Amino acid sequence: MRDLSDREATDEDLIAALCDGDARALRELYERHAPWLVLRLSRRCADPAIVEEVVQDTFLAVWRGAGRYRGQGEVAAWIWGIGIRRLIDRLRRHRVLSIRGDRPDPEPSAEEVVLLGVEHGDLATAMDRLSPELRAVIQATILDGLTTREAGHLLQIPQGTVKTRLMRARRELREALA
Amino acid sequence: MSWHVHEDTIEAYILGRIDDASAFSLEAHLLACASCRAAISTRVEVEGQARIWSGIRESIDRPRVGMIERALIRLGVPAHTARLLVVTPSLRSAWLIGITACLAFAAIVSSAAGETPLPFLMLAPLIPLAGVAAAFGGPVDPAWEIGVASPTGAFRLMLIRAAGVLATSAALAGLATIASPALGWSAAGWLVPSLALTVLTLVLSTVTTSVIHAATIVGIGWVAGVIVLERVASAPLAAFGPTAQLVSAVVAVGSLIALVGRRDAFERPAHL
């Protein structure tokens, strides 16, 4: 068992302590990461009860799967990855959605477009000009790092619609930032 | 990191009054910046935070239900009975692996000998016997103390666990029988003796100090009997012939009747 009292433990220290079964470390991680996770999930799911359930599931998954954290990247990003996928699973379970065998979208180049925009133009203005539907797709695919299929589950729209909206958003951004 | 989100932006984000572009930028930054995350943590007393935590706390304190236990419950075994079966030491994976290794070895030896499956037939009935003995082995059993204090009748507990052990080890020995075609049908000759020996052990345990003692006595008696019969009788495998099978069946039934007759003896702490 690691001693967490001497200095401010890093998130990585806390994850290591979780592997030793230290529930205090989980508490500490929860204090640090639950607030932003709740806020961020709430922006993607309007039902607070579902968000609560998902946050609880996420930290249980962190507790049980701490050994799977490979030490690559931020702990926060790892937690977010678990959280957003739990949210999608939770939303899928309660709604009948068409399940298609489509492969994941092989062209994620919208990200390049956005990164390009940061250098060449006023991104915020361009984003604000997008319709909310297009912004939601940008958020799910680029910011949250979801596949088009996962984004479809999150936004309750078919995967094909995600792809066409993403294309439209990309075109509009390109024009606005040109 | 030198750049941090402005306080007003954080405030707006918490209140949900923020444009999407700023929210995106803040969310992307948060993943990499502990101090901005801390700024959020100190500002919000997220509603339900304590409630979520108590839910987490409760879940991590609750023992996890294992795969086998879940499978048993799905098969219609009541949850409390499933737990009793799962904590039976002779049903744990180390035991099962040991049993499998023993049987495989015996089957190989018997097949290689090319004459009679005697080693296999002699060993196979002892396996459920050892399993049952270990299921009530006092100190061998991690759930022993709990069993002593259990409000379930000790006889019922004994029957549940003995049945679980018998079924599992018989299934394993059965697989070994099928897996060694060289042994032929005579290889199934251990089944009835096995049942007889196990029930006999349980009856005997009502007069000996522990199930382990009873199992040892019965086991030694069995091995000695088989060897003597093999020497004395004219035909090979006399201990597994039709007459011997009949005798085994009679012993099994007789022991079962005696067991039910002596069920009260199991309520004494010495036996669990």
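pLDDT is the predictor's confidence in each residue, on a scale from 0 to 100. In chain B its mean is 76, and 75% of the residues reach 70 or more. For the complex, the predictor gives an ipTM of 0.73 and a pTM of 0.53.

This is a predicted model, in which local features need pLDDT of at least 70 and side-chain atom pairs count only at pLDDT 80 or more, while totals for chains, interfaces and linings use all residues. Residues are numbered from 1 along each chain as its sequence is written, and chains are lettered from A and ligands numbered from 1 in the order in which they are written.

**Where the chains meet**

Let's start with the contact between the two chains. Chain A brings 28 residues to it and chain B brings 26 residues; two residues are in contact if their C-beta atoms, placed from the backbone, lie within 7 Å. On the chain A side, α2 (23-42), α3 (48-64), α4 (75-93), α6 (123-129) and α7 (132-143) each give two or more residues. Helices here (H or I, at least four residues) and strands (E, at least two) are DSSP runs, numbered from the N terminus. The largest share of this side, ten residues, comes from α2(A). By class, the side has 18 nonpolar, two polar and eight charged residues, where Ala, Val, Leu, Ile, Met, Phe, Trp, Tyr, Cys and Pro count as nonpolar, Asp, Glu, Lys and Arg as charged, and the others, Gly among them, as polar.

**Helices α2 and α3 of chain A**

A residue is buried if 20 or more other C-beta atoms lie within 10 Å of its own, exposed if 12 or fewer, and partly exposed in between, with C-beta atoms placed from the backbone. By that rule α2(A) is mostly covered, with 14 of its 20 residues buried. This helix bends by about 45° at H33(A), and the proline P35(A) follows within four residues; the bend is the angle between axes fitted to the seven residues ending at a residue and the seven starting there.

Helix α3(A) has 17 residues and spans 24 Å from first C-alpha to last, close to the 24 Å expected at 1.5 Å a residue, that is, 1.5 Å times one less than the number of residues. Its buried residues include V51(A), V54(A), V55(A) and F59(A). Their cover includes α2 and α4 of chain A together with α4 (49-61) of chain B.

**Cores**

A nonpolar core is a set of buried Ala, Val, Leu, Ile, Met, Phe, Trp, Tyr and Cys residues joined through C-beta atoms within 7 Å. The largest has 57 residues, and V55(A), I79(A) and V137(A) have the most contacts inside it. Helix α2(A) gives the most to this core, with ten residues. Beyond its neighbours within four places in sequence, V55(A) is in contact with A34(A), L37(A), V38(A), L41(A) and, across the chains, I52(B).

**Two residues side by side**

V75(A) lies in helix α4 of chain A, whereas P236(B) sits in the loop between α13 (211-232) and α14 (242-261) of chain B.

| Residue | C-beta neighbours within 10 Å | Class | C-alpha distance to a residue far along the chain |
|---|---|---|---|
| V75(A) | 22 | buried | 9.6 Å to T10(A), 65 residues apart |
| P236(B) | 13 | partly exposed | 9.0 Å to L118(B), 118 residues apart |

Not counting residues up to four places away in sequence, V75(A) touches D11(A), E12(A), I15(A) and Y69(A).

**Chain B overall**

Chain B has 14 helices and zero strands. Of its 272 residues, 33% count as buried.
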